[in-house]
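Please look over the sequence and the structure shown below before reading on. The report that follows moves from single residues to a helix, a core and a pocket.

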Amino acid sequence: MTVQLEAFRKGLFDSGLLIPMGVDGLYGRSETFESIGTAFDALVSRTGAADKAEVLRFPPALSKQVFETTGYMASFPQLAGTIHSFAGNDKAHAALMRTIEAKEDWTTTQKATQVVAVPAACYPLYGPLGARGPLKPEGALFDVFSWCFRHEPSLEPTRMQFFRMREFVRAGSPEQVQQFREAWVERGKKMMESLQLPLNVDVANDPFFGRAGRMLVTNQREQALKFELLVPVIEGTSPTACLSFNYHQDKFGLSFKIRKSDGETAHTACVGFGIERVILALLATHGYDPQKWPDRVRSALWP
Ligand code: AMP
Ligand code: ZN
């Protein structure tokens with residue numbers, strides 16, 4: 001069941017589930033909203049528990065140098081968030097305050113810091129992984145989680161600028177990482193079906209920037225490098241990607257010198273769970289009060 005966009009925004013704001021913060025895509029969250037996210041995150045943990053992934057947590061920022069190495073600016077310059085700060089003297093500070101008081105643009109004199117906002121939870125992992133030296137023959141599996149930033153202001157609550165992403169990331173041979181991804185497509189479907197969400201899985205394409213980006217879109221689709229688990233949420237718009245299953249081939253292996261035990265470049269894949277999108281899909285499908293959700297959905301989330 002989908003909801004009409006305006007009614008969805010009103011429902012979320014009136015119930016206090018989301019708190020508008022004056023910028024599209026930036027919201028506060030209520031205790032109820034958070035409790036659903038915590039329960040879903042725990043469901044993800046239970047679903048993947050047998051694999052014994054190594055848990056790592058990073059702050060939601062990357063060094064500028066690592067960010068450059070990821071190649072993000074070549075593909076998604078429009079989404080990236082660079083962090084800037086004031087770097088002047090007293091005189092420059094006085095000028096800055098005059099600009100702010102005059103309600104003019106005071107940000108033009110800000111200088112870039114050494115850090116960039118994380119666009120996806122797996123990005124901080126690849127540098128340290130490469131630095132560890134060759135993988136074991138069985139490869140490696142990680143569990144990461146991060147607040148992520150993407151500059152894509154939108155009225156749709158499902159498209160936020162700051163949101164949370166949980167991921168499992170696999171590194172190893174092409175066979176090992178593709179097998180991981182295929183297994184998670186099936187697991188992800190079962191997991192989301194247990195929440196009684198209408199869904200389908202389809203090949204996806206990312207919003208690669210510009211003319212060069214069009215080739216990347218074609219390549220991504222033809223090689224089926226990315227699948228998404230989609231749930232219809234907002235009436236009249238395409239279904240919302242709640243989970244994504246990505247095969248990076250040797251992209252990060254080459255950039256960050258991640259090697260298999262035999263010294264060859266490792267391949268990587270990740271499965272991403274959009275915490276906010278799953279919460280919103282549940283609220284749109286089952287209503288704004290989780291106490292009234294179907295028993296089976298409640299017991300999947302709160303066993
Ligand atoms: P992606 O790297 O684009 O595949 O994103 C991974 C997951 O993060 C997606 O499957 C979504 O669930 C979630 N996601 C991506 N962009 C946004 C956004 N703007 N707002 C909320 N969730 C998002
Ligand atoms: Zn990832």
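## A guided reading of the model

E34 counts as partly exposed, because its relative accessible area is 28%, where buried means under 20% relative accessible area, exposed over 50%, and partly exposed in between (1.4 Å probe, protein chains only). This is a predicted model, in which local features need pLDDT of at least 70 and side-chain atom pairs count only at pLDDT 80 or more, while totals for chains, interfaces and linings use all residues. Residues are numbered from 1 along each chain as its sequence is written, chains are lettered from A and ligands numbered from 1 in the order in which they are written, and side-chain values use heavy atoms, with hydrogens and water left out.

E34 belongs to helix α2 (residues 31–48); helices (H or I, at least four residues) and strands (E, at least two) are DSSP runs, numbered from the N terminus. Not counting residues up to four places away in sequence, E34 touches R29 and R164, contact being defined as heavy atoms within 4.5 Å. From E34 to K292 there are 258 residues in sequence and 17 Å in space, C-alpha to C-alpha.

### Other single residues

A61 lies in strand β4 (residues 61–63) and, at 25% relative accessibility, counts as partly exposed. Beyond residues up to four places away in sequence, A61 touches V115, V116, A117 and V118. Between A61 and S146 the C-alpha distance is 9.3 Å, although they are 85 residues apart in sequence.

Q161, in the loop between β7 and β8 (162–172), counts as buried at 8% relative accessibility. With neighbours within four places in sequence left aside, its contacts include V23, D24, G25 and C148.

C148 is also one end of a comparison with L12, from which it is 136 residues away in sequence and 21 Å away in space, C-alpha to C-alpha. L12 sits in helix α1 (residues 5–14) and is buried, with a relative accessible area of 0%. Apart from neighbours within four places in sequence, L12 is in contact with L17, L18, P157, L280, L283 and Y288.

### Helix α10 and the nonpolar core

Two of those contacts, L280 and L283, are among the buried residues of α10. Because 11 of its 12 residues are buried, α10 is largely enclosed by the rest of the structure. The 12 residues of helix α10 (residues 275–286) should span 16 Å at 1.5 Å a residue, and its end C-alpha atoms are 17 Å apart, which agrees; the expected span is 1.5 Å times one less than the number of residues. Helix α8 (residues 210–222), with 13 residues, reaches 19 Å from its first C-alpha to its last, close to the 18 Å expected.

In soluble globular proteins, nonpolar side chains tend to be buried together. Here the largest nonpolar core has 78 residues, of which F40, M192, L195 and L243 touch the most other members; α10 gives the most to this core, with eight residues. A nonpolar core is a set of buried Ala, Val, Leu, Ile, Met, Phe, Trp, Tyr and Cys residues joined through side-chain atoms within 4.5 Å. Leaving aside neighbours within four places in sequence, M192 has contacts that include F40, L243 and V278.

### Positive phi values

The table gathers residues with a positive phi.

| Residue | Place | Phi |
|---|---|---|
| Q196 | loop between α7 and β9 (200–203) | near 50° |
| A224 | just after α8 | about 50° |
| Q249 | strand β11 (residues 240–249) | about 50° |
| G287 | just after α10 | about 105° |

Q196 is partly exposed, with a relative accessible area of 31%, and Q249 is partly exposed at 25%.

### The second largest pocket

About 400 Å³ of space lies in the second largest pocket. Of the 20 residues that line this pocket, the closest to its centre are E138, G139, A140, L141 and R170. On a 1 Å grid over the protein atoms alone, a pocket is an open set of points where a 1.4 Å probe fits, with protein on both sides within 12 Å along at least five of seven lines, and lining residues have an atom within 4 Å of a point. The largest share of the lining, four residues, comes from α7, and β7 (140–149) and α7 (174–193) each supply at least two residues. The lining divides into 10 nonpolar, two polar and eight charged residues, where Ala, Val, Leu, Ile, Met, Phe, Trp, Tyr, Cys and Pro count as nonpolar, Asp, Glu, Lys and Arg as charged, and the others, Gly among them, as polar.

Note on methods
Grid points are joined across faces, edges and corners, and a volume is the space filled by probe spheres set on the points.
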